[in-house]
Amino acid sequence: MKVVGFAGYSGAGKTQLLASLIPALKARGLRVSVVKHAHHKFDIDHPGKDTYRHREAGAFEVVVASDKRLALMREFEQASQLTVHELIAELYDGVDWVLVEGFKHSDVLKIEVWRAAAGHPANYPDDDFIVAIATDSPAALPAETARPILDLNQPDTLAQWLVDNGQRFGYDPEIYK
């Protein structure tokens, strides 16, 4: 599998970019998984559902599946911050690409998503794991760079850049065990 991160401040457009990039990669016959970092309390389950009742009763893990999807919910007994590598290890290993949203301080190769209008600083000058910048305002980048500058509004072009440079993003899970 190949792994690439998409890092940037909230409001930069990471989710929007991934939502456009996934179908562009799928159109090339590639299977895509996503690892998303959540900063806030979140829940995919709802009161009244059987799986919610099982979790509330104390189940450590609940797996629910249909003929269309599978979901695994795991309750941590103590607050835990899993690394991006621990989350990647949970994925089906038959995917072609794993897109990582968030985890901007991780050691996976990343594309920084940066918009001048958002008013946030860029991370690429200080992060050696950022290999490209996706932006809608290349002329406003705060520092010169030899890294590729990709058009944030052209997900098909970005998908092709990933495919063309795929050898850079090969992932060896044995390194992170």
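Biologist: Is lysine 110 buried or exposed, and at what relative accessibility?

Modeller: Keep in mind that this is a predicted model. Lysine 110 belongs to strand S6, which covers residues 110-114. Buried means under 20% relative accessible area. Lysine 110 therefore counts as buried, with a relative accessibility of 0%.

Biologist: Which backbone oxygen lies 3.4 Å from a polar atom of the side chain of lysine 110?

Modeller: A polar contact needs a pair of N or O atoms within 3.5 Å. The side chain of lysine 110 has a polar atom 3.4 Å from a backbone oxygen, and that oxygen belongs to lysine 104.

Biologist: And the charged end of lysine 104, what ring does it sit over?

Modeller: For a lysine, NZ has to be within 6 Å of the ring centre and within 35 degrees of the ring normal. The charged end of lysine 104 is 3.6 Å from the centre of the ring in question, which is that of tyrosine 9.

Biologist: On to the aromatics. How many aromatic pairs are there?

Modeller: Ring centres have to lie within 6.5 Å to pair. By that rule, the count is two.

Biologist: What kind of pair do tryptophan 97 and phenylalanine 169 form?

Modeller: Their centres are 5.7 Å apart, with 55 degrees between the planes. Stacked takes under 30 degrees and edge-to-face over 60. The pair of tryptophan 97 and phenylalanine 169 is therefore neither of those, but tilted.

Biologist: How many residues apart in sequence are the parts this pair ties together?

Modeller: Tryptophan 97 is in strand S5 (residues 97-101), while phenylalanine 169 is in the segment after helix H4 (155-164). So the pair links parts whose separation in sequence is 72 residues.

Biologist: Which residues do the ring pairs link into a cluster?

Modeller: Phenylalanine 169 also pairs edge-to-face with tryptophan 161, at 6.0 Å centre to centre and 70 degrees between the planes. Tryptophan 161 is buried at 13% relative accessibility. Tryptophan 97 is buried at 2%, and phenylalanine 169 is buried at 2% too. The cluster linked by ring pairs is Trp97, Trp161 and Phe169.

Biologist: Now the surface. Which residues make the nonpolar patch of about 290 Å²?

Modeller: Leucine 70 is in strand S4, residues 70-74. Patch residues need over 30% relative accessible area, and leucine 70 is exposed at 63%. The residues making the patch are Val63, Leu70 and Leu72.

Methods:
Residues numbered from 1 in each chain as written. Predicted model: local features only at pLDDT ≥ 70, side-chain atom pairs only at ≥ 80, totals over all residues. Heavy atoms only, no water. Patch = residues over 30% accessible without salt bridge, like charges linked within 9 Å, V, L, I, M, F, W, Y side chains within 5 Å. Areas by Shrake-Rupley, 256 points an atom, 1.4 Å probe, with all protein chains shown as cover. Salt bridge = Lys/Arg side-chain N within 4 Å of Asp/Glu carboxyl O. Helix = DSSP H or I, 4+ residues; strand = E, 2+ residues; numbered from the N terminus. Buried < 20%, exposed > 50% of the residue type's maximum accessible area, 1.4 Å probe, protein only. Polar contact = N/O pair within 3.5 Å; in protein donor to acceptor, adjacent residues only side chain to side chain.
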